[in-house]
Number of protein chains: 2
Amino acid sequence: MRSEFQFIQHIKDRFSLSRIGDDCAVLPKDTDTDMVMTADMLVEDIDFRLDWTSPESIGHKALAVSLSDIAAMGATPHWAMISLGMPEGLWKSDFADRLYDGWHTLAKQFRVELIGGDISKTPDKLVIDSIAGGDLLKGRAILRSGANIGDAIAVTNYVGGSAGGLTLLKNGRRLDGELESWETDLIRYHLEPLPQAEIGAYLQENQLANAMIDISDGLVSDLNHICVASAIGARLVAEKIPLNLNLVHLTASFDEQLELGLNGGEDFQLLFTIDREKIPQLSAYNIDGYRPVLCHVIGEVTSNVGEIELVRGGKSSKLEPRGYRHF
Amino acid sequence: MRSEFQFIQHIKDRFSLSRIGDDCAVLPKDTDTDMVMTADMLVEDIDFRLDWTSPESIGHKALAVSLSDIAAMGATPHWAMISLGMPEGLWKSDFADRLYDGWHTLAKQFRVELIGGDISKTPDKLVIDSIAGGDLLKGRAILRSGANIGDAIAVTNYVGGSAGGLTLLKNGRRLDGELESWETDLIRYHLEPLPQAEIGAYLQENQLANAMIDISDGLVSDLNHICVASAIGARLVAEKIPLNLNLVHLTASFDEQLELGLNGGEDFQLLFTIDREKIPQLSAYNIDGYRPVLCHVIGEVTSNVGEIELVRGGKSSKLEPRGYRHF
């Protein structure tokens, strides 16, 4: 069965579409500005479960995934729309109000304005389509296709935390139960991810990233998208993957932690390639005067087109993109 | 239970949102241009049924409803996105290919470019979110709020045809069965509506429409949206409602025909108000040199805020908006 990625490539080829295939579409706005926009569909029992998340968290996450796509282009988000398909039972409750509350709390933080959307009834499952748009300087969108051989590969903050939270949820742990603080942290990280919008814009404004994507399907899967688009390969160093610090509580096995970090997905961190000489500029970034930004160099771009290697203890092995796929 | 219209007003008030509530959101683009955009969700077994429509028709209609919203602002559509939530069974077939075929056939006709979207799995029902955008001269978007007392009320082409086609489908008639030509016409009109984008742009360019909306929920329901937004009332003349000519085959009863025309919905014709002295300019419009445009004057704007009357045989009665509502 073809994957959704293969299908998108097929549609792209078939109808000669040049603007699809990246985190966002880029359209000219005015003489100085491009605009970017993205749409993300979240479906009950596929992308979230009502019994382990609050309406507020669903609203938060729906917007977060789209703002993360905008961050991955290096753009600043400005507007959003939300289409909501909802079964009648939920409609009769305060679910929609609470979902919009969660949505707006995040929107306010990033100064994003709700400009439209739709409300529809569904037979039984909740469906959300989240649409967001932003701006950046003309010609400066950071595409998946810009990686160069010899670039360093870097990632913001830590990875694996979202998959760790998901593991806890699958094991029956709930935010409203009695939890250790590391459990709360991991679950909250999964349910209410924070888009890396500020650092995305910083990387763009300072022309630090040659190619960029956000980690939604999984680090290796998303790196593979950069490899395909840029016609390059990649070499990662296992010991350099910045694993979420709470994962040690979840499992003592480094193999298991690494698996969550490489293939877990939904971390919504930014994965990018950068000229080696620019690496020192990463640590110069300081969001608000006291928070230094954590960007971790985890590997390098190679000429082995489409191949992703993992070096561990000095030994190299080939990685397959095993992150989340719908089909 | 509150309707979706009441909920949208509630969200609009609660978060002080100025850009929602019309057919499209309007955003500034450059010094001369505004852009408009809209999102419409279509859900299996609510908005369409797989056993009476083809994948191509679903693709066509998904785009058509969004282009119709753009037409209702007087704008010209340029780009679109589509988010597709699909159960695995459909994914394994050629359904998605055929849906995109239907989508693209209409997109080509209106020179609309697919710039993005999403593909997601759903547990069992097909869900589509259709997003489209367009441009128009700055400050010239035709809102629902612009109607003035004394304006004439007009509608493009004919109404009731979509509801007539839906009636036939509910009665078991299918496009692939043996049909009279009028049945084929009505069903096709329901399944593959044509957005009135050219005349929408013409009305805007010539500043003929003071307020405008497309007929999606039903003529009276949609007129009521104009009444509420413009703080006006309306008087319609029953004999002037341009009923789809094929409805006479469906039912000999004028009452039944009128019901389909007033409350049927999904005609995707444009309903607008116009200064009386500009009415002659409507017939001057000629899309391509040989097709005169049919705009029918069906009533007038009154000062009875929120009241819609129907005059029939000289007698007036009050109409309630009974068109389609999700909730």
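This passage walks through the sheets, cores and chain contact of a two-chain model.

The model is predicted, so local features are reported at pLDDT of at least 70 and side-chain atom pairs at pLDDT 80 or more, while totals for chains, interfaces and linings use all residues. Residues are numbered from 1 along each chain as its sequence is written, chains are lettered from A and ligands numbered from 1 in the order in which they are written, and side-chain values use heavy atoms, with hydrogens and water left out.

The sheet of chain A comes up to begin with. It is an open one with seven strands, in the order β7-β9-β6-β10-β8-β11-β12, and its pairing is mixed. Strands here are DSSP runs of E with at least two residues, helices are runs of H or I with at least four residues, and both are numbered from the N terminus. Two strands count as paired if DSSP finds at least two bridges between them. At the edges of the chain A sheet sit β7 (211-214) and β12 (315-319), each pairing on one side only. From one strand to the next, the twist averages 25°; axes are lines fitted to C-alpha atoms (for helices over the stretch in contact), and angles run from 0 to 180 degrees between N-to-C directions. Inside this sheet, β6 (residues 152-156) and β9 (residues 270-274) of chain A are antiparallel partners over four bridges, with Ala152(A) bridged to Ile274(A).

Helices lie across this sheet too. Helix α2 (residues 55-71) of chain A crosses β7 and β9 of chain A, at about 175° to β7(A). Helix α10 (residues 254-263) of chain A lies across β8 (233-237), β11 (308-312) and β12 of chain A, and runs at about 150° to β11(A). As for helix α7 (residues 197-205) of chain A, seven of its nine residues are buried, among them Tyr202(A) and Leu203(A). Buried means under 20% relative accessible area, exposed means over 50%, and partly exposed is in between (1.4 Å probe, protein chains only). After α7(A) comes Gln207(A), with a positive phi near 50°.

Chain B has an open sheet of seven strands as well, ordered β7-β9-β6-β10-β8-β11-β12 with mixed pairing. Its edges are β7 and β12 (315-319) of chain B; each has a single partner strand, so one side of each has no neighbour in the sheet. In general, strands of a sheet pair through backbone hydrogen bonds, either parallel or antiparallel. Both senses turn up in chain B: β7(B) runs antiparallel to β9 (residues 270-274) of chain B, joined by four bridges, and β8(B) pairs in the parallel sense with β11 (residues 308-312) of chain B, over four bridges. Ile213(B) stands opposite Leu271(B) in the β7(B) and β9(B) pair, and Val237(B) faces Val311(B) in β11(B). Strand β7 (residues 211-214) of chain B is covered on both faces, with Ala211(B) and Ile213(B) buried on one side and Met212(B) and Asp214(B) buried on the other.

Gly233(B) belongs to strand β8 (residues 233-237) of chain B. This glycine counts as buried because its relative accessibility is 0%. Val301(B) is 68 residues away from Gly233(B) in sequence, yet their C-alpha atoms are 5.8 Å apart in space.

Next come the cores. A nonpolar core is a set of buried Ala, Val, Leu, Ile, Met, Phe, Trp, Tyr and Cys residues joined through side-chain atoms within 4.5 Å. The largest one has 59 residues, and Met86(B), Leu126(B), Ile128(B), Leu203(B) and Phe272(B) have the most contacts inside it. Helix α2 (residues 55-71) of chain B gives the most to this core, eight residues. Another core lies apart from it, with 58 residues, including Ala64(A) and Leu106(A).

Finally, the two chains meet over a contact (heavy atoms within 4.5 Å) that takes 65 residues from chain A and 64 residues from chain B. Together they bury about 5300 Å², 68% of it on carbon and sulfur atoms; buried area is the accessible area (1.4 Å probe) that two parts lose on being put together, summed over both. On the chain A side, Met41(A), Trp91(A) and Phe327(A) lose the most area, together 13% of what that side buries. Eight salt bridges are counted between chain A and chain B, a salt bridge being a side-chain nitrogen of Lys or Arg within 4 Å of a carboxyl oxygen of Asp or Glu. One of them links Glu113(B) with Arg19(A), whose closest N and O atoms are 3.1 Å apart.
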